[in-house]
Amino acid sequence: MKINCLCCGHKVDLDDAYDDYEGPVKCFVCSAILEIRTEKGTIKAVKFVNIVPRPSAEEVFERVHNPMKETARGARRDVS
């Protein structure tokens, strides 16, 4: 079974485990969260719930070139 992501249009392929399912599904292209409901292998409802913000190019560059800086910043957040 396939559903189209409501955010980016990518086809999300779901296996047989989702034939009778109600809950979240994540688009691996844009990271959007979709709430779906299926019955007997048929899609009954798809609702856009949330998009997970992707890091900017600058943030990715910083994480790659200064990994200790990000780790230290994360440690400070956990403590406070």
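## Starting at Lys11

Let's begin with Lys11, which touches Lys2, Ile3 and Asn4, leaving aside residues up to four places away in sequence; touching, or contact, means heavy atoms within 4.5 Å. Lys11 sits in strand β2, residues 11-13. Its C-alpha atom is separated by 9.5 Å from that of Val29, 18 residues apart along the chain.

A word on the ground rules. This is a predicted model, where local features need pLDDT of at least 70, side-chain atom pairs count only at pLDDT 80 or more, and totals for chains, interfaces and linings use all residues. Residues are numbered from 1 along each chain as its sequence is written, and side-chain values use heavy atoms, with hydrogens and water left out.

## The overall layout

The protein has 2 helices and 5 strands, in the order β-β-β-β-β-α-α from the N terminus on. Helices (H or I, at least four residues) and strands (E, at least two) are DSSP runs, numbered from the N terminus. Of the 80 residues, 18% are buried, where buried means under 20% relative accessible area, exposed over 50%, and partly exposed in between (1.4 Å probe, protein chains only).

How sure is the predictor? Its confidence in each residue is pLDDT, on a scale from 0 to 100. The protein averages 81, and 79% of the residues score at least 70. Among the elements, β3 has the highest mean pLDDT (94), while helix α2 (residues 67-79) has the lowest (54).

## The β3-β4 hairpin

Strand β3 (residues 21-26) and β4 run antiparallel, with 6 bridges joining them; two strands count as paired if DSSP finds at least two bridges between them. One of the partnerships is Gly23 with Ile36 in β4.

Now follow β4 itself, residues 32-39, and watch the side chains alternate. Ala32, Leu34, Ile36 and Thr38 point to one face and are buried, whereas Ile33, Glu35, Arg37 and Glu39 point to the other and are not.

## The nonpolar core

Which residues make up the largest nonpolar core? There are 10 of them: Ile3, Cys5, Val12, Leu14, Val25, Cys27, Cys30, Ala32, Leu34 and Ile36. β4 gives the most to this core, with 3 residues. Such a core is a set of buried Ala, Val, Leu, Ile, Met, Phe, Trp, Tyr and Cys residues joined through side-chain atoms within 4.5 Å.

Leu14 is a handy core member to click on: Leu14 touches Met1, Ile3, Val25 and Ile36, again not counting residues up to four places away in sequence.

## Two unusual backbones

Most residues other than glycine have a negative phi. Ser31 has a positive phi of about 70° although it is not a glycine. Ser31 is found in the loop between β3 and β4, a hairpin with 5 residues between the strands. At 14% relative accessibility, Ser31 counts as buried.

Lys40 is another residue other than glycine with a positive phi, near 50°. Lys40 lies in the loop between β4 and β5 (42-51). Is Lys40 buried or exposed? Lys40 is exposed, with a relative accessible area of 76%.

## A pair of tyrosines

The structure holds 1 aromatic pair. Tyr18 and Tyr21 form this edge-to-face pair, 4.8 Å centre to centre with 75° between the planes. Rings of Phe, Tyr and Trp (its six-membered ring) pair if their centres lie within 6.5 Å; planes under 30 degrees apart count as stacked, over 60 as edge-to-face and the rest as tilted. Tyr18 counts as partly exposed at 26% relative accessibility, and Tyr21 counts as partly exposed at 23%.

How values were computed. pLDDT = per-residue confidence, 0-100.
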